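Trainee: Could we take a close look at one part of this model, the strands and how they pair, and then work outward to what surrounds them?

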Amino acid sequence: MAEQQSFFERQGVDSAPLASRVRPRDLSEFVGQEHLLGEGKVLRNLIDRDQVSSMIFWGPPGVGKTTLARIIARRTKAQFVDFSAVTSGIKEIREVMAQAEKSRRLGDVTILFVDEIHRFNKAQQDAFLPFVERGSIILIGATTENPSFEINSALLSRCKVFVLQALTTRDLARLLSHALEDPRGFGLQRVELEEGMLELIAAFADGDARTALNTLEMVVLNSPEEQGVIRVTRPVLEQCISKKSLLYDKNGEEHYNLISALHKSMRNSDPDAAVYWLARMLEAGEDPLYVARRLIRFASEDVGLADSRALEIATAAYQASHFIGMPECTVSLTHAVVYLSMAPKSNALYVAYEAAKKDAQRMLAEPVPLQIRNAPTGLMKELHYGEGYQYAHDAPDKLTLMDCLPPSLLGREYYRPTGQGSEARVRERLEQIKEWKRLHRISDGKEE
């Protein structure tokens, strides 16, 4: 009995996923990361001059970390070893290192690409050190986590860190267009998409090329073929990504309308409306971390010292969203949204900074008063740096009359606390401080 052919075999298409089939082969096909790979940029120069050393690529998923490592290996004519921190241990590391050492003796360079290197423990990361130092390997690690916290300092000090950025909607649209034209993708088939579809897919992917290409592949494979033409429509896209009419362009007007609606509902202490707008954004495919960042801003801009717990809860909601992702993080974000909606409101911190910013921009050259300058050297002390400084902890009331503003700004008041929530106590304390200074200036003859 003959084996049944797959869809891909019937169509004469490689059965590998689209993202693998159209993976860029050189820098001319690579999309994005212009800040690193543009003409004259650091990483581009290292690659062009074949001076690549061990490095760490730090960035979100789907921005080309693995692809870039493969391109570097091909460009520098090095052997490429793809290594996963998820499935490998010390034994596998030693085996790969032994082979790399043999290759080095034969004059060959080995680029060892370690995906998700942050998942290796300290002992596993330490196993790379002697081989990196001897030059047996050029280590290229990829991580979505901050290397400063996740990579051993000894290993990190031997690697150059390059930060890769999420791809823009325009970058992803270019990538998708190329996949439709490339014979390795759908270039050998006639695929027609409704106007604006590529931009919708790109917006949904939220900077992730892999997600964008997987989504394109799904909608093409699920679209009907008529007279040799595959026609992709919006209903098919909505069905494939389960977003239906909620789908919206994250870089367009609706995106900003919805975040504005959420912000203003919380400011108006309307938790029901706030939760609705939160749901509208998340169910439309909005990045939960974007929402969480906006909540952190709101906590200080609109609640501030009226309830300082607001900032803690908003920050915790961001961390929870980062740890568990969608859809579990929806409850954590709802927690923060309702708390912020119900918290007492004060924009005093926002107003204070904006007022200070105007003075700072207008008077950028105002010198720091000598009494509060740092004086770590003898020369600085000879120049009277720190002279007249009054250490508040030595004062009975923990207060002094020392001026900390530049002379031209003395008397300026930026922060004006409200009487809302906990800020009422802050206002009371500030009034006490000002009264103490007024009375002591009078007693010292500095004020009448």
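How many bridges join E2 to strand E3 (residues 110–115), and do the two strands run parallel or antiparallel?

Mentor: Six bridges join E2 to E3, and the two strands run parallel. This is a predicted model, in which local features need pLDDT of at least 70 and side-chain atom pairs count only at pLDDT 80 or more, while totals for chains, interfaces and linings use all residues. Residues are numbered from 1 along each chain as its sequence is written, and side-chain values use heavy atoms, with hydrogens and water left out. Strands (E, at least two residues) and helices (H or I, at least four) are DSSP runs numbered from the N terminus, and two strands pair if DSSP finds at least two bridges between them.

One pair within this ladder can be named: Gln 79 in E2 has Thr 110 in E3 as its bridge partner. Helix H6 (residues 90–105) packs on the sheet here, touching both E2 and E3, where contact means heavy atoms within 4.5 Å. The direction of H6 makes about 170° with that of E2; axes are lines fitted to C-alpha atoms, for helices over the stretch in contact, and angles run from 0 to 180 degrees between N-to-C directions.

E2 and E3 belong to an open sheet of five strands in the order E2-E3-E4-E1-E5, with parallel pairing. Strand E2 (79–84) and E5 stand at the edges with a single partner strand each, so one side of each is left without a neighbour in the sheet. On average, neighbouring strands of this sheet are turned by 20° against each other, direction ignored.

Further along that order, strand E1 (residues 55–58) is joined by four bridges to strand E4 (residues 138–143), running parallel, and by four bridges to strand E5 (residues 160–163), again running parallel. Phe 57 takes part in both pairings, since its bridge partner in E4 is Ala 142 and it stands opposite Phe 162 in E5.

There is also an open sheet of three strands, in the order E6-E8-E7, with mixed pairing. Strand E6 (190–193) and strand E7 (225–226) are its edge strands, each pairing on one side only. Four bridges join E6 to strand E8 (residues 229–232), and these two run parallel, with Leu 193 facing Val 232 in E8 as its bridge partner.

Beyond the strands, the helix packing deserves attention. Two packed helices are described by the angle between their axes and the distance between the axes. H17 and H18 pack at an angle of about 175°, with axes 8 Å apart, and they are therefore roughly antiparallel to each other, a label that applies to angles over 145 degrees. The H17 side of this contact includes Leu 289, Ala 292, Ile 296 and Val 303, while the H18 side includes Ala 310, Leu 311, Tyr 318 and His 322. By class, the contact has ten nonpolar, four polar and one charged residue; Ala, Val, Leu, Ile, Met, Phe, Trp, Tyr, Cys and Pro count as nonpolar, Asp, Glu, Lys and Arg as charged, and the others, Gly among them, as polar.

Helix H16 (residues 271–283) packs against H17 at about 150°, with axes 9 Å apart. Leu 278, Met 281 and Leu 282 in H16 meet Pro 288, Tyr 290 and Val 291 in H17, a contact that has six nonpolar residues and no polar or charged ones.

H17 (288–303) and H18 (309–324) are also among the elements that give two or more residues to the lining of the largest pocket, together with helix H9 (147–150), helix H12 (197–205) and helix H15 (253–267). A pocket here is an open set of points on a 1 Å grid over the protein atoms alone, where a 1.4 Å probe fits and protein lies on both sides within 12 Å along at least five of seven lines, and lining residues have an atom within 4 Å of a point. The volume of this pocket is about 1,500 Å³, and of its 41 lining residues the closest to the centre are Pro 60, Pro 61, Asp 206, Asp 287 and Leu 289; a volume is the space filled by probe spheres set on the points, which are joined across faces, edges and corners. The lining has 19 nonpolar, 13 polar and nine charged residues.

Finally, just beyond H18, a cis peptide bond with omega of about 0° joins Met 326 and Pro 327, and Pro 327 lies in the loop between H18 and helix H19 (329–342).

Terms used. Parallel < 35°, antiparallel > 145°, perpendicular 65-115°, else oblique.
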